[in-house]
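Let's take a walk through this model one piece at a time. Keep the structure open beside you and turn it as you read.

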Amino acid sequence: MTEAESPATSLFLDANVLVSAAWKEGAEIAALWRMKNVRLITSSYVMGEVLRNLPRIDQAERLRVLMRSVEVFTLEVFQEFDASFPLPLKDRPVLAGAIAAGADHLVSGDKRHFGPLYGKVIQGVRITSPPELLSLLRQG
């Protein structure tokens, strides 16, 4: 199977990843947008948080350009998952969105809330930090 025939790796981007990519020109995480064979996804829920965290016009413009290649998934019904995972209520829709979108990875730099889940697979979605993901994709 050639690279063109292989299925894209689906990456569900948390708010901090999108904010980091738009925050300053040349941000390292913005390399995701230049990689081949990746599908970038987020949710309308996540976008609400992103928009509250980009105060400058140049950042909003970078976000607008980046979002041209990101699918925005709307989670119509919030499906519960195993409550034993240590996630605050505000972060549960992020994980639920990644699961519902069929993402391979939920990419989050939120070490406080998602850090304990890094490397774990929850209903088919691997929770991954941005540096780990970049390393995996570059090896790839």
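His113 counts as buried, because its relative accessibility is 16% and the cut-off for buried is under 20%. Bear in mind that this is a predicted model. You'll find His113 in the loop between β4 and β5. What does His113 touch, once residues up to four places away in sequence are left out? The list is Pro86, Leu87, Pro88, Lys90 and Asp91. With Asp91 there is also a polar contact, 3.1 Å long, between the two side chains.

From that loop, step out to the strands. Strand β4 covers residues 105-107 and runs parallel to strand β6, residues 125-128, with 3 bridges between them. If you want a spot to look at, find His105, which stands opposite Arg126 in β6. Strand β6 has another partner: β5, residues 121-122, pairs with β6 in the antiparallel sense over 2 bridges. Here Ile122 is the residue facing Val125 in β6. The hairpin of β5 and β6 leaves 2 residues between the strands, and Gln123 in that hairpin takes a positive phi near 45°.

Now swing over to helix α2, residues 44-52, and pick out Val46, Met47 and Val50, which are buried. How wide an arc do they cover around the axis? It is only 100°, so they sit on the same side of α2. The general rule behind this kind of pattern is that an α-helix has 3.6 residues a turn, so residues three or four places apart point the same way. And what lies over the buried residues of α2? The cover includes β1 (9-13), α1 (15-23) and α4 (92-100), along with β2, α3 and β3.

Time for the charged side chains. In general, side chains of opposite charge can pair when their charged atoms come close. How many salt bridges does the structure hold? There are 8.

One of them joins Arg39 and Glu71, whose closest N and O atoms are 2.8 Å apart. This pair links distant parts of the chain, with Arg39 in strand β2 (residues 38-43) and Glu71 in strand β3 (residues 70-73), 32 residues apart. Are these two buried or exposed? Neither, quite: Arg39 is partly exposed, with a relative accessible area of 29%, and Glu71 is partly exposed too, at 39%.

For a pair within one helix, look at Glu61 and Arg64, where the closest N and O atoms of the salt bridge are 2.6 Å apart. Both belong to helix α3, residues 57-66, and because they are 3 residues apart, about one helical turn separates them. Glu61 is partly exposed, with a relative accessible area of 35%, and Arg64 is likewise partly exposed, at 43%.

Last stop: Asp58 and Arg56, whose side chains meet in a salt bridge of 2.9 Å, N to O. Asp58 counts as partly exposed at 32% relative accessibility, and Arg56 is partly exposed with 42%. Which residues share a network of salt bridges with this pair? They are Glu25 and Arg62, linked with Arg56 and Asp58 in that network.

Note on methods:
Residues numbered from 1 in each chain as written. Predicted model: local features only at pLDDT ≥ 70, side-chain atom pairs only at ≥ 80, totals over all residues. Heavy atoms only, no water. Salt bridge = Lys/Arg side-chain N within 4 Å of Asp/Glu carboxyl O. Helix = DSSP H or I, 4+ residues; strand = E, 2+ residues; numbered from the N terminus. Buried < 20%, exposed > 50% of the residue type's maximum accessible area, 1.4 Å probe, protein only. Arc of directions from axis to C-beta. Contact = heavy atoms within 4.5 Å. Pairing = 2+ DSSP bridges. Polar contact = N/O pair within 3.5 Å; in protein donor to acceptor, adjacent residues only side chain to side chain.
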